[in-house]
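Good morning, colleagues. Please look at the sequence and the structure as I bring them up.

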Amino acid sequence: MSTAVQDLMSSPPVTCPADATLAEATSLMDRRQIGSVVVTDAGGVVGILTERDLLRAAATEIDPHAEPVLRWMTADPDVVGVDDEVDAAWSGLTHHHYRHLPVVDHGDLVGVVSMRDLLTVAQIRPAGEAGADVPRGLEGVVVAETSIGDVRGQQGFYHYRQYSAVDLAASRSLEDIWLLLFDGALPDRGRARDFAAQVAGLRALPPVLAGLLPAVAATGSPLDALRTAVSLLGAESGWPPGLDIDATERRAQALRLCAVVPTILTAVHRLRRGLAPIPPRADLSFAANYLWMLSGEEAPPAHVRAVEQYLILTIDHGFNASTFTARVIASTGADLAAAIVGAIGALSGPLHGGAPSRALAMLDDIGSPDRAEAWIRDAVIRGDRIMGFGHRVYKTDDPRSVFLRGVARSLGGDLVDFAEQVEHTTVEVLAELKPGRQLYTNVEFFAGVVMHTCGIPRDMFTPTFACSRTIGWTTHVMEQAADNRLIRPAARYAGPPPPQPVPAP
Ligand SMILES: CC(C)(COP(=O)(O)OP(=O)(O)OC[C@H]1O[C@@H](n2cnc3c(N)ncnc32)[C@H](O)[C@@H]1OP(=O)(O)O)[C@@H](O)C(=O)NCCC(=O)NCCS
C-alpha cells in the first residue's frame, strides 16, 4: 500500500458535541449512514462513538434520550495524520481492533478513515457486505433466542423461565427447578416426588468409569478429572451424535449426566485424599446426597438447605461462556458428552468459573476487621482486583450475593460477621477509589463463605458450581438441538493484506 490516508478518508468528518445524548448521536449516524461519529468539544477531538458502543449501550436498560455520549464513547482515541501512509492507519486499526480512526491535520480534525476504506484499497472484500461491527468478546451481542432464562444487569435481576431465580431458591427444591428447566413447568407434589426418585436412581457410576476413576483422579484438579470422566461416561454409555437421536433420548442422557456428575466429583475428591469413594444414597436429595458423598456423614438440615440454595442460584445465568460453548458444540450435532466436556473446559478458566476460594483466601489474609480498610485500600491502589467484587453484567447488587448473604447470616458464625464487615469496607473503598465503576459484591464472595461454613473444602468450590451448572448446560443443549442451526460465525480478517507472493524457502 502506498496510498496516503487523505486519499481514502471520509471528509468532512461527521461530529457530534460532547453534550449530545446517545439518541441524538444514533439518529445522526442513522441519517448519515455511518458507523461512527467523532465527539468534539471546543473544536478538539475528545472521543469517538461507534456502532460497537451503541450495541453495548443497547444491551443495558439506560434511557438513550438522557444518556450522554461521553459515558459510552472511547475517550481520547488514537488518531492518524492526513499525510500518513495507509499502512499506519491499517496497523492502528488492527492493533487495537478499532474500526474507525479520526484523521487530523496539524491537530485539526479533517476526516475519518475506516477499516472498510482500507479494505477497498487492499481489494479485500469484507466477509459479508452486511458485516456489522461486533464488540470484542461479543459483549452485548444477541446470538440466540432462549426460553430458559435471562439476566437483567441494571436491575440486579435474573430468572429461570418466567420465575425469579431468587424466589425459586427461597421456596423450591433443586429437583423442582431441574424439572422446570428440562420440561418448562414446576411440578406438583406428586410429580416432584416421582422425579426426585427417578433421578436419585441414576447416580451410580458405570463400571468402566468407576474402574478408571482412581487413575483419572490422580492427575490434575477435580475439574480436570470431571472433564475426562464425562468424556469416558459418554463413550462407555455409547452416546451417539446428538444429530442422530430424538428429544426423548437426549433428555434421558441429560438426566443421567446431571445425576452422575456429583458422584464423579465427590469420588474424585476422596480418591485424591486416599479415601474410598462413598456410594450415592437414593433416599437423599441432590444436595444432601452431595454432602453425604463428600464426607460420609449426613449433613445438618441447615447445611443441606444452604448448599441446595447455592446450587439453585447457580444453575443458569444467561449466555455465559460455558453455556455458549455447550451450545456451539451441540450445534455441530456432536454428542451430549462432547458438549459438556467443552463447557467444563470453559468453566475451568479463571475468568469464568472464577475462584470463590480466592475471596476466602483474601479474608484469611486480611485476618481481622481492623486491618480490612488498609488491606483493601493498598490492594486497589496497587491495581489488584478485589475478589468477589465487580461484575460484567451486574452494575448494581448481584441478586445471588444478596441472597447468599442472607443464607450466610442464617448459618451464622464468626466468619460470616467478619465477611460482612469486609464487604462493607470494600464497597466503600471501591466507591471512593473507583468512582462511577459501580462495583458491588458478586456471587463469589458469599458463595465461598456459605460453602466453607457447610464444610465444603475450598478446592471443591468450583466443582460444586459445576454440579448445578450441568443442569443449565444440558437444558441449553436440548434447546439448541430442538431448533438447531450450525453456529458458524465469521471473523474479519485483520492481518497483512493478501495475496502476497510466497517467499522461496
Ligand atoms: C468480574 C470482573 C472480571 C468484571 O470485569 P469487567 O466488567 O470487565 O470490568 P472492567 O475490567 O472493565 O473494570 C472496570 C473498572 O473497575 C475496576 N474493577 C472491576 N472489578 C474490580 C475489583 N474487583 N476490584 C477492584 N477494581 C475493580 C477495574 O480496575 C476498572 O477500573 P479502571 O476503570 O480504573 O481501569 C471484575 O469485576 C473482576 O475482576 N472482579 C474480581 C474477580 C471476581 O470476583 N470474579 C468473579 C466474578 S462473578
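I shall speak about the ligand site, and after that about a small set of strands.

This is a predicted model, in which local features need pLDDT of at least 70, side-chain atom pairs count only at pLDDT 80 or more, and totals for chains, interfaces and linings use all residues. Residues are numbered from 1 along each chain as its sequence is written, and side-chain values use heavy atoms, with hydrogens and water left out.

Which residues are closest to the ligand? They are I386, G388, F389, K434 and R437, out of 16 that surround the ligand, each having a heavy atom within 4 Å of it. By class, this shell holds seven charged, five nonpolar and four polar residues; here Asp, Glu, Lys and Arg count as charged, Ala, Val, Leu, Ile, Met, Phe, Trp, Tyr, Cys and Pro as nonpolar, and the others, Gly among them, as polar.

Let me turn to individual atom pairs. A polar backbone atom of I386 is 2.8 Å from a nitrogen atom of the ligand, and a backbone N or O atom of F389 also lies 2.8 Å from a ligand nitrogen. N442 uses its side chain: a polar atom there lies 2.8 Å from an oxygen atom of the ligand. The protein buries 68% of the 860 Å² that the ligand exposes when taken alone, by the Shrake-Rupley method with a 1.4 Å probe.

Finally, the strands, which are DSSP runs of E of at least two residues, numbered from the N terminus. Three of them form an open antiparallel sheet in the order 8-9-10, where pairing requires at least two DSSP bridges. Strand 8 (149–152) and strand 10 (163–164) are the edges, each pairing on one side only. Strand 9 (residues 157–160) is joined to strand 10 by two bridges, and Y160 stands opposite Y163 in strand 10.

Note on methods: Polar contact = N/O pair within 3.5 Å; in protein donor to acceptor, adjacent residues only side chain to side chain. Helix = DSSP H or I, 4+ residues; strand = E, 2+ residues; numbered from the N terminus.
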